[in-house]
Amino acid sequence: MSTDPRVVVTPFPRSAHADILTPEALAFLADLERHFGAERHRLMAVREERQLQLDKGWKPDFLPETADIRAGDWKCAPIPPDIQDRKVEITGPVDRKMIINALNSGARVFMADFEDSNTPTWPNQLDGQVNLFDAVRRTITFTDEKSGKWYELNENPAVLFVRPRGWHLTERHVFVDGVPMSGSLFDFGLFFFHNAKELIKRGTGPYFYLPKMESHMEARLWNEVFIYAQKQLGIPVGTIRATALIETVLAAFEMDEILYELRDHSAGLNCGRWDYIFSFIKKFRNDPKAVMPDRSTITMGTHFLKSYSLLLIKTCHRRGVHAMGGMAAQIPIKGDPVANGAAMKKIRADKKREATNGHDGTWVAHPGMVEIAMEELEAVFTGPNQISKQLPEVQVTAADLLKIPEGEITEAGLKQNLNVGVCYLEAWLRGIGCVPLHHLMEDAATAEISRTQVWQWRNHKARLSDGRLIDMKLIRSLVEEDMRLIETALGKQAFAESQFKQAAKLFLALVENAVLTDFLTVPAYVMVA
């Protein structure tokens, strides 16, 4: 354990984690926190200040002070050979079996996720680092205790990317100088410390996804972390590559600037569509004109999402990097060929649209979707990417990015949000960060849409299409009805042993709060180990 008395780890990790949370690794983490923690806290305060402006009616626009960056002819650093082709990327949590299956899935890239598809319990974070340590060295194996099935990596696994937690989250099990350290720096630093040199030796590199940034200043902080970390380990600056997720509405106005800050370390941008919708609702929470219809109707064909996607493609290609498409949340539906066929048709249409628009790759949540997505992208382009597709005709304005979609709010839409929100939280509180619900793989992003939509509807006194007011009386009655149905399906004993009561209580508290809570994972984090 750490030899520095100012670095406190609690609880003491299991012996299985001794080779990960070494004194040397902890010293590296503490060094990162001491160098960059203060700036992280300052940027989180800036987020709060901007939200106060939004609450008063301010609307974002492209920054006048960075107009020269947007107008410039600069390029990002050349893309490394092993990630020139990223047609299909699969994402998932850092569970051992899932890592093996994802790396073996046939996808070009696997994004190992410490963020939205992972509950950040202490065992999950440390087990995940152990699993990735073994995956990098290709020694990772797994035996399923129930079936006895043996899992190991095939000869050509996907390229590994790692997504650390967002800047807003802390690691409450590691205190540096009396303050819990950044979850982002913990996840990044521990993986980088143990694996960067090994990855380079194997002909690849330390590659990352960066979530939930709201400004180019937050990207600048990441870039400074990268430079410092590489120098500390004696690795050439520019070895790291990172793809920034554009999954907040404020970041959509700073795509060029984010790429510019990361230009020596950039691997492009990604359309984090579900978090983007969540961010849109959250940022304009006080605006009654920004009330959204049922989330099932907010597709990538709606004007504000289509505009953001096309702008991302144009911006990335102009700077010589990948423009990655969004997640297909569908999973195979066993035993129902009609429903399964309909789900596969949706995926094909979504991936064809992305490729036709100019995206260089896309995301799937299940190994069974990799081949389908690959077929659709390869039907549009056969080379490694479409970066040469420049889209000069695309002209996106602030008004395009802020156009509110129209549509109804239905009882079915309200019930879906309540069910998904509570059921996802129940799994999250049990340490499971992604869960199949209604034939979709749900993670924190889709749960956040559910939660913020219900809050928005209640706060602005929206009405269902049948005229009923969406208030706490209606919301509570529907949640109680849903819990009775779930209890009947599970049985009284299983329901009592579950986290449904706690999840429903937390969800209802969040939608009843006078002020919208920024992230449901923050209050939920104190409820897990």
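## A walk through the predicted model

Let us begin in the interior: six of the six residues of strand β11 (residues 266-271) are buried, so this strand is largely enclosed by the rest of the structure. Please keep in mind as you look around that this is a predicted model.

What does β11 pair with? On one hand there is strand β10 (residues 241-246), which pairs with β11 in the parallel sense over four bridges. To find this pairing on your screen, look for A242, whose bridge partner in β11 is S266. The link between these two strands is worth tracing as well: β10, helix α7 (residues 255-261) and β11 together make a right-handed β-α-β unit. On the other hand there is strand β12 (residues 323-328), and its pairing with β11 is also parallel, over two bridges. Here L269 is a good landmark, with A323 as its bridge partner in β12.

Now move along the chain to strand β13 (residues 361-364), where you will find T362. Is T362 buried or exposed? Its relative accessible area is 0%, and buried means under 20%, so T362 counts as buried. The side chain of T362 makes a polar contact with the side chain of K351, at 2.6 Å. Leaving aside residues up to four places away in sequence, T362 touches a list of residues that includes R86, K87, V88, E89, E354, A373 and L377. Also among them are M324, G325 and G326, and those lie within the residue range of β12.

Another part of the model holds a separate piece of strand architecture to explore. Three strands form an open sheet in the order β1-β7-β8, with antiparallel pairing. Because β1 (7-9) and β8 (179-182) stand at the edges with a single partner strand each, one side of each is left without a neighbour in the sheet. From one strand to the next, the twist averages 55 degrees. Looking closer, β1 and strand β7 (residues 170-176) pair in the antiparallel sense over three bridges, and V7 stands opposite V176 in β7. Helix α5 (residues 183-201) lies across β7 and β8, running at about 55 degrees to β8.

Our last stop is helix α13 (residues 411-429), which has 19 residues. From its first C-alpha to its last, α13 reaches 27 Å, close to the 27 Å expected at 1.5 Å a residue. Of its 19 residues, 15 are buried, so α13 is largely enclosed by the rest of the structure. Just after the helix comes G431, which takes a positive phi of about 95 degrees.

Terms used: Residues are numbered from 1 along each chain as its sequence is written. This is a predicted model: local features need pLDDT of at least 70, side-chain atom pairs count only at pLDDT 80 or more; totals for chains, interfaces and linings use all residues. Side-chain values use heavy atoms; hydrogens and water are left out. Buried means under 20% relative accessible area, exposed over 50%, partly exposed in between (1.4 Å probe, protein chains only). A polar contact is a pair of N or O atoms within 3.5 Å; within protein, one must be able to donate a hydrogen and the other to accept it, and residues adjacent in sequence count only if both atoms are side-chain atoms. Contact means heavy atoms within 4.5 Å. Two strands pair if DSSP finds at least two bridges between them. A crossover is right-handed if, with the strands pointing away from the viewer, the path from the first strand over the helix to the second runs clockwise. The expected span of a helix is 1.5 Å times one less than its number of residues. Axes are lines fitted to C-alpha atoms, for helices over the stretch in contact, and angles run from 0 to 180 degrees between N-to-C directions.
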